[in-house]
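Here's a friendly walk through a structure you may not have met before. Take a look at it first, and then we'll go through it piece by piece.

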Amino acid sequence: MRYRIAGFAALAVAAWLLPYGLDSYAIHVVNVIILFALLAVGLGLAMGVGGQVNLAQVAFFGVGAYATAILTTEAGLGFWVSAVLAVAATAAIGLLVGTPALRIQSHYLGIVTLGLALAFTNWVTNAQVAGGAEGISNIPVPTLPGVDLSNEYLFYYLELIVLAGGLVFGEFVVRTGLGRRMRAMRDDALAAGALGAEVPMLRMTAFLLASVYGGVAGVLYAGLIRYVAPESFGIANMFLLLAMVIIGGRQSLIGCVVGAVGLSVVRELLVDHPTYAQVAYGSVVVLTVVFAPTGLAGLPRRIRAAVGRRGAVAGRLGPFQPYERGDAPPADAPAVLRADDVHMSFRGLKALDGVTLTVRQGEIRGIVGPNGSGKTTLFNVISGLYRPTGGRVEFGGRDVTGLPPYRLARAGISRTFQNLRLFGDLTVRENILVALDRSRTVDGWRYLLRPLSVVRGDRRLRARADEVLDRYGLTAFAGQPPRSLPYGTQRRVEIARAVAARPRLLLLDEPAAGLNGDEVRQLGEMVRSIRDSGITVVVIEHNMGLVMSLCEHITVLASGAVIAEGSPAEVAAAPAVIEAYLGDSMSTDDVELPTEVNR
Ligand SMILES: Nc1ncnc2c1ncn2[C@@H]1O[C@H](COP(=O)(O)OP(=O)(O)OP(=O)(O)O)[C@@H](O)[C@H]1O
């Protein structure tokens with residue numbers, strides 16, 4: 001830490017002294033590089049942190065620059081008033097460009113944002129108000145009392161301060177709740193939603209952040225160059241910017257700056273050889289993607305991980321510390337969950353065919369059935385991943401049919417997944433933090449206006465996360481990415497994460513899959529303790545030994561319909577169940593299933 005602070009201090013001093021060694025051309029180049037760095041940080045926030053492909057970043061830059069140009073020259077407003085309006089306009093455009101992200105993702109989103117960016121260059125090339133192909137000149141010099149900003153040496157310091165502010169703010173976002181939820185969404189949007197992260201709002205926030213950085217860079221560009229023309233905001237610069245972010249490392253904001261500086265220097269060196277320049281950028285990008293997919297900034301971590309894998313001793317999984325017992329629910333406890341005649345069809349295939357089910361408060365309910373009988377689909381409907389094609393789901397007496405996962409999670413439904421959906425690039429502690437964090441994305445204004453309250457809130461969450469880690473014996477792995485852990489430990493992290501969301505109803509999808517005998521026994525104790533703390537549990541499981549010993553009630557599904565329900569003994573004796581898949585081998589005192597179902 002001390003080295004890091006010393007490093008930053010040395011860098012700050014070097015940056016402050018830099019203009020003293022530069023001629024007037026070089027300082028101009030540096031000023032342009034800083035603008036690219038600011039753009040790259042914005043792009044890094046949207047793409048690297050939020051996982052949203054955004055090929056409109058240079059268009060945001062253009063909107064900021066053009067809005068400043070138009071407002072100062074045609075509307076006659078002062079530079080700074082125009083600047084504020086220009087950034088607001090860019091933010092509005094950013095939200096507009098982000099709207100498609102609510103429906104489409106990955107390369108499709110890339111195509112749409114690129115299309116919108118091209119539409120922008122087309123518009124400015126043809127619109128009279130934007131000066132057509134000639135652009136707009138005579139933008140006034142920004143005024144600052146006592147500072148002559150027509151002097152590029154002084155403009156450098158303005159840019160430097162803005163870039164430093166942008167970096168600090170970006171890092172602040174990345175390392176606290178908002179950025180953590182965005183990173184969780186990037187790693188696994190589905191799991192993030194199931195833990196209460198408001199995925200649509202987070203996607204819009206990613207575009208909002210990118211556009212604000214783009215807008216600010218645009219304003220500075222207008223003030224620096226005092227002339228705007230369409231070619232500065234075209235596709236060539238967009239790809240250059242993209243290359244900067246990929247080379248530097250999109251998941252690290254510092255990496256984005258490094259990429260911007262590095263590639264700009266290469267561009268400057270190759271300025272007399274434009275043909276080779278394009279080939280050079282392309283080659284560097286390809287080499288980076290192949291040999292350092294996390295970019296230059298990711299290299300130290302990869303090296304550390306590689307060395308650590310050889311040398312370090314893995315931490316030990318501690319024992320689970322049971323929860324304190326809550327009050328036992330009364331015998332006539334109300335229903336927490338009610339599914340009423342739920343249907344779910346996939347292009348004609350009936351995965352659920354009129355499932356009706358009531359789960360009372362304080363129960364541990366087992367859901368069993370042959371492969372493909374609709375168990376996971378039922379969970380997906382209850383947790384909002386699928387909107388049922390028919391029927392109704394009630395939670396806590398309220399109709400919640402078709403609500404999005406994040407709303408159901410916030411209402412008190414939490415779940416795990418059959419194939420583990422941990423956030424791979426977050427640490428174990430951060431995985432827990434995402435679940436603990438209930439702040440609303442719309443409260444993101446606090447980052448600007450009440451940053452200290454954000455910091456305090458995050459500190460409280462971290463203390464609670466440490467308690468959760470301690471209870472589940474995971475403290476030794478707190479700082480590690482989950483994928484480095486043994487499978488059984490990962491399963492435990494997922495359960496800890498689901499319970500950290502403080503649900504009233506916990507859905508566990510095959511929690512014993514892949515566990516050894518001792519781990520299954522521990523799992524049983526864990527689930528019982530979770531229930532005793534006051535959380536109702538529904539568990540899908542193929543391990544019949546576990547189901548029979550753990551669940552008071554079992555629902556059996558076959559071909560998407562409930563074929564039996566009752567106590568373990570009743571279910572085991574039901575002829576329909578035996579016929580459906582359990583076979584004669586099933587009885588209450590012989591609970592092992594044939595190997596193909598006992599996994
Ligand atoms: N998204 C989907 N698109 C198309 N078909 C689906 C989809 N999800 C599930 N199905 C189909 O619905 C049926 C029920 O699947 P589901 O995963 O719910 O069964 P399951 O009882 O959980 O099975 P398993 O025990 O193997 O996990 C299967 O035939 C499956 O192929």
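Keep in mind that this is a predicted model. Let's start with the ligand: its surrounding shell is made up of three nonpolar, eight polar and one charged residues. Among the residues around the ligand are Phe-346, Leu-349 and Ala-351, then the run Gly-372, Ser-373, Gly-374, Lys-375, Thr-376 and Thr-377, and also Gln-418. Two elements, β2 (349-360) and α14 (375-382), each bring at least two residues to that shell. The largest share, three residues, is supplied by α14, so keep that helix in mind, as it turns up again below.Next comes the sheet. Six strands form an open sheet in the order β6-β7-β8-β3-β9-β10, and their pairing is mixed. At the edges sit β6 (413-415) and β10 (561-566), each of which pairs on one side only. On average, neighbouring strands here are turned by 20 degrees against each other, direction ignored. As background, the strands of a sheet pair through backbone hydrogen bonds, either parallel or antiparallel.

For a closer look at one pair, find β3 (residues 364-368) and β8 (residues 536-540): they run parallel and are joined by four bridges. Where does Ile-367 find its bridge partner in β8? That partner is Ile-540.

Helices pack on this sheet too. Here α14 comes back, touching β3, β6, β7 (505-509), β8 and β9 (553-558), with its direction at about 150 degrees to that of β7. Helix α20 (residues 517-532) also packs on the sheet; it touches β3, β7 and β8, and its direction makes about 150 degrees with that of β8.

Now head to an earlier part of the chain. The unreviewed UniProt entry annotates "transmembrane region" over several spans, including 27-46, 77-96, 154-174, 206-229 and 235-266. In the model, residues 77-96 are 90% helix and 0% strand, with end C-alpha atoms 25 Å apart. Residues 235-266 are 88% helix and 0% strand, and the end C-alpha atoms of that span lie 19 Å apart.

Finally, look at how two helices meet. Helix α6 (residues 152-175) packs with helix α9 (residues 199-225) at an angle of about 180 degrees, their axes 11 Å apart. Because of that angle, α6 counts as roughly antiparallel to α9. On the α6 side, Phe-155, Glu-159, Val-162 and Gly-166 take part, and they meet Tyr-213, Val-216, Leu-220 and Leu-224 of α9. By class, the residues of this contact are six nonpolar, one polar and one charged.

Methods
Residues numbered from 1 in each chain as written. Predicted model: local features only at pLDDT ≥ 70, side-chain atom pairs only at ≥ 80, totals over all residues. Near = placed C-beta within 6 Å. Nonpolar A, V, L, I, M, F, W, Y, C, P; charged D, E, K, R; others polar. UniProt positions renumbered as here; feature names shortened; annotations may be inferred. Pairing = 2+ DSSP bridges. Axes fitted to C-alpha atoms, helices over the stretch in contact; angles between N-to-C directions. Contact = placed C-beta atoms within 7 Å. Parallel < 35°, antiparallel > 145°, perpendicular 65-115°, else oblique.
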